[in-house]
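Biologist: I'd like a close look at one part of this model, the salt bridges. Please walk me through the pairs, and add whatever you have on surface patches.

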Amino acid sequence: MGLETGTKLSDLVTTNPTASDPRSQGDDHLRLIKVVLATTMKKILFDVTTVSGTTGTAVAGYVNVCTNAGAVTMTLPASPEAGDVCGFVFTNGGATNVLARNGQPIQTTAADETLSGYAAGTTTIWRYVDATRGWIKEA
């Protein structure tokens with residue numbers, strides 16, 4: 001049986017490898033699973049990074065915890081893929097924080113997003129949709 005290809009979970013054939021597949025294909029199957037997981041997992045928030053300064057660059061798949069007492073500007077990823085997710089927690093309740101768009105729209109607007117009025121510790125989640133809609137707030 002030939003090795004399937006893919007970049008998302010639905011691309012994996014659950015009946016592979018078959019009992020008749022040569023053992024030498026085992027590493028190919030494992031490599032494919034790694035590629036699919038690496039591609040899929042960055043679309044889900046699963047890791048945390050701390051930003052202590054007044055600026056930082058967000059990484060897809062991370063919750064960015066911003067601990068500066070003053071306003072923070074976080075720059076969104078420059079080359080996002082559809083489905084990429086970035087989360088933000090600002091611990092400076094009341095400060096005006098900014099999401100810098102880095103060339104991509106935010107909520108269909110070609111402007112940075114000012115975040116104010118959030119209670120300290122509130123999480124906001126942003127998902128990249130496409131080049132027209134850009135980053136859309138999910139929560």
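Modeller: I'll start with the ground rules, then go pair by pair and end on the surface patch. The model is predicted, so local features need pLDDT of at least 70 and side-chain atom pairs count only at pLDDT 80 or more, while totals for chains, interfaces and linings use all residues. Residues are numbered from 1 along each chain as its sequence is written, and side-chain values use heavy atoms, leaving out hydrogens and water.

There are 4 salt bridges in the structure, a salt bridge being a side-chain nitrogen of Lys or Arg within 4 Å of a carboxyl oxygen of Asp or Glu. Let's begin in helix H1, which spans 26-41; helices are DSSP runs of H or I with at least four residues, strands are runs of E with at least two, and both are numbered from the N terminus. Here Arg31 reaches Asp27 in a salt bridge, 3.3 Å from N to O. Both residues sit in H1, 4 residues apart, or about one turn of the helix. Asp28 joins in as well: Asp27, Asp28 and Arg31 are linked in a network of salt bridges. As for cover, Arg31 is partly exposed at 47% relative accessible area, and Asp27 is partly exposed too, at 39%. By that I mean between buried (under 20% relative accessible area) and exposed (over 50%), with a 1.4 Å probe and protein chains only.

Further along, Glu138 and Arg127 pair up in a salt bridge at 2.6 Å, N to O. This one links distant parts of the chain: Glu138 lies in the segment after strand S9 (135-137), Arg127 lies in strand S8 (residues 123-128), and 11 residues separate them. Glu138 comes out partly exposed at 45%, and Arg127 is partly exposed at 27%.

Then there's Arg133 with Asp130, whose closest N and O atoms are 2.7 Å apart. Arg133 is partly exposed at 40%, and Asp130 is partly exposed at 25%.

Now the patch. Leu9, Leu30, Ile33 and Leu37 make up a nonpolar surface patch with about 360 Å² of accessible area together. Patch residues have over 30% relative accessible area and no salt bridge; like charges are joined within 9 Å, and nonpolar side chains (Val, Leu, Ile, Met, Phe, Trp, Tyr) within 5 Å. The areas come from the Shrake-Rupley method with a 1.4 Å probe, and for residues only the protein chains shown count as cover. Leu9 is in the segment before H1, and Leu9 is partly exposed, with 48% relative accessible area.
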